[in-house]
Amino acid sequence: INTKYWEPSATITADEKVIFFTSNRDGGYGGRDIYMTKLQDNGQFGPAILLGPKINTPEDEDSPFIHADGKTLYFSSKGHKTMGGFDIFSCTINTE
């Protein structure tokens, strides 16, 4: 996070070990995509990990929110089969 790219939204797990965020950085699926970064043993967050095509689409994703259970990720997307604009989706995610 905090790169030269637009990164408008972020959420952190209850144990503060994983951050999910959106970015329009190069190498994504298109538009804004959702990434995660994990806390490393040295106390720093590691490299951004692009979430796969089941979450990210060629359109925009935004507003990730990780539930306190650490497994349920909510997000908005324009790219999944939607009613139009940003619709809300959820998925179960493994952060291991």
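Biologist: Which residues line the largest pocket?

Modeller: This is a predicted model: local features need pLDDT of at least 70, side-chain atom pairs count only at pLDDT 80 or more, and totals for chains, interfaces and linings use all residues. Residues are numbered from 1 along each chain as its sequence is written, and side-chain values use heavy atoms, with hydrogens and water left out. A pocket is an open set of points on a 1 Å grid over the protein atoms alone where a 1.4 Å probe fits, with protein on both sides within 12 Å along at least five of seven lines; lining residues have an atom within 4 Å of a point. The lining is Thr13, Ala14, Asp15, Lys17, Val18, Lys38, Leu39, Ala68, Gly70, Thr95 and Glu96.

Biologist: How many residues of that lining are charged?

Modeller: Asp, Glu, Lys and Arg count as charged, while Gly is among the polar ones. The lining divides into four nonpolar residues, three polar and, as charged, four.

Biologist: Which strands stand at the edges of the open sheet, and why is one side of each without a neighbour?

Modeller: Strands are DSSP runs of at least two residues, numbered from the N terminus, and two strands pair if DSSP finds at least two bridges between them. The sheet has four strands in the order E1-E2-E3-E4, with antiparallel pairing. Each edge strand has a single partner strand, so one side is left without a neighbour in the sheet; these are strand E1 (10-12) and strand E4 (49-50).

Biologist: Which residue in E2 is the bridge partner of isoleucine 12?

Modeller: E1 and E2 run antiparallel and are joined by three bridges. In E2, the partner of isoleucine 12 is isoleucine 19.
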